[in-house]
Amino acid sequence: MGQARAQLLASLAAIYLILAIPHVTGGLTDDLEIMWGNAKVVTDSSGQQAIALTLDRSTSSAFRSKKTCQFCRIDVEIKLVPGNSAGTVTTFYMITEGAWQYHDEIDIEFLGNSTGQPYTMHTNMYARGQGGREKQYKFDFDPTQDYHKYTIIWNKDWILFLVDDKLYRQIKNNQMYGAPYPYYYPMRVYATIWNADNWATQGGQVKTDWSQAPFTAYFRNYRAISCPQYENNPLCLPASGWFNQELDESRKQQMTQVDSNNKIYDYCKDPKRYKNGPPPRECGLN
């Protein structure tokens, strides 16, 4: 999944450089730049500035952050593709720049579905090219009817995934036990929409219905707070509620509730993946 997206990024980034697409400016896009495809800045129905990413038969679309960060909090509000979105994938993720085989990545992918069927939020992490840490979730709401806030928090101790400020997943830094963790290199934020009907919906059994195109997702209220390990941004200190401290009881309860009610796949508990041996050691640690 991640490798297919990386190949897409590599080929389309070349187009981006050739076309020399100008940076969009003002408001939301002070921090972001459009890369390719039918991506554009719009004013949504509430009067706020948003970036619309559109997919059709001829092209996907994407934007990225102008800056990288190493240890940071990223927030963005997203309104996903309504109706029959089967085969499409809308993404919000962070990735290092360099050789793919050694890359780090923290990602959220929204897997489309047939009309009336729920989206799947697919989360994963790569460190030094090692991935396969997938967990998937369903929502208690329709993510296509309004905007919802999605957050990635990455520091030296953990990675957190939040939806509307509710904690869905925590990945701990277990490097001392041999588990990979993205620690040494900064990442850039990307958002894309692309066709992945070979795997995205029911394992690829449901294909993209191009008669429903174009497919459009909207992004707004992007915020990036950089929290380098040796700087003292007040938003990164323990009093901020997130960085460099243990989760409080309310956050632990949130994650327990999500695991019970929303989680639909956990790589640690997939017997098909570990027929010839135990799951990764961090599964027992977590």
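Two strands count as a pair if DSSP finds at least two bridges between them. With that in hand, here are some close-up views of this predicted model.

**View 1. β10 and β11, a paired hairpin.**
Ile-153 stands opposite Leu-160 in β11. Strand β10 covers residues 148–154, and five bridges join it to β11, with the two running antiparallel. Just three residues sit between β10 and β11 in this hairpin.

**View 2. β11, wrapped up on both faces.**
Is strand β11 buried or exposed? Six of the six residues of β11 (residues 158–163) are buried, so the strand is largely enclosed by the rest of the structure. In a regular strand, side chains alternate between the two faces of the sheet. Here, Trp-158, Leu-160 and Leu-162 are buried on one side of β11, while Ile-159, Phe-161 and Val-163 are buried on the other.

**View 3. The turn from β11 into β12.**
Next along the chain, β11 pairs with strand β12 (residues 166–172), again in the antiparallel sense, this time over six bridges. Look for Val-163, which stands opposite Lys-166 in β12. This is a hairpin too, with two residues between the strands, and Asp-164 in the turn has a positive phi of about 50°. Asp-165 is also in the loop between β11 and β12, and its phi is near 65°, a positive value in a residue other than glycine. At 32% relative accessibility, Asp-165 counts as partly exposed, because that label covers values between 20% and 50%.

**View 4. Ile-159 and the nonpolar cores.**
Zoom in on Ile-159, one of the residues with the most contacts inside the largest nonpolar core, which has 46 residues. Phe-92, Met-94, Phe-110, Met-121 and Trp-154 are also on that list. Leaving aside residues up to four places away in sequence, Ile-159 touches a set of neighbours including Ile-106, Met-125, Ile-171, Tyr-181 and Pro-182. Polar or charged residues such as Arg-169 and Gln-170 are among the residues it touches as well. Apart from the largest core lies another one, of seven residues, among them Ile-153, Trp-158, Leu-167 and Met-255.

**View 5. An open sheet of eight strands.**
In what order do the strands of this sheet lie? The order is β1-β4-β13-β6-β7-β8-β9-β15, with antiparallel pairing. At the edges are β1 (32–36) and β15 (263–266), each pairing on one side only. From one strand to the next, the twist averages 20°. Inside the sheet, β7 (residues 105–111) and β8 (residues 120–126) pair in the antiparallel sense over seven bridges. One spot to find there is Asp-107, whose bridge partner in β8 is Asn-124.

**View 6. Two loops with backbone details.**
Phe-71 is in the loop between β4 (61–69) and β5 (72–79). Its phi is near 75°, a positive value in a residue other than glycine. With a relative accessible area of 4%, Phe-71 is buried, because buried means under 20%. Elsewhere, a cis peptide bond joins Ala-213 and Pro-214, with omega at about 5°. Pro-214 is in the loop between β13 (187–195) and β14 (215–226).

**View 7. Stepping back to the whole chain.**
The protein chain holds three helices and 15 strands. Buried residues make up 52% of its 286 residues. Of the contacts with a separation of 6 or more, 67% come from residues 24 or more positions apart. The chain exposes about 13,500 Å², and carbon and sulfur atoms supply 48% of that.

Conventions:
Residues are numbered from 1 along each chain as its sequence is written. This is a predicted model: local features need pLDDT of at least 70, side-chain atom pairs count only at pLDDT 80 or more; totals for chains, interfaces and linings use all residues. Side-chain values use heavy atoms; hydrogens and water are left out. A nonpolar core is a set of buried Ala, Val, Leu, Ile, Met, Phe, Trp, Tyr and Cys residues joined through side-chain atoms within 4.5 Å. Buried means under 20% relative accessible area, exposed over 50%, partly exposed in between (1.4 Å probe, protein chains only). Contact means heavy atoms within 4.5 Å. Helices (H or I, at least four residues) and strands (E, at least two) are DSSP runs, numbered from the N terminus. Axes are lines fitted to C-alpha atoms, for helices over the stretch in contact, and angles run from 0 to 180 degrees between N-to-C directions. Accessible areas come from the Shrake-Rupley method with a 1.4 Å probe; for residues, only the protein chains shown count as cover.
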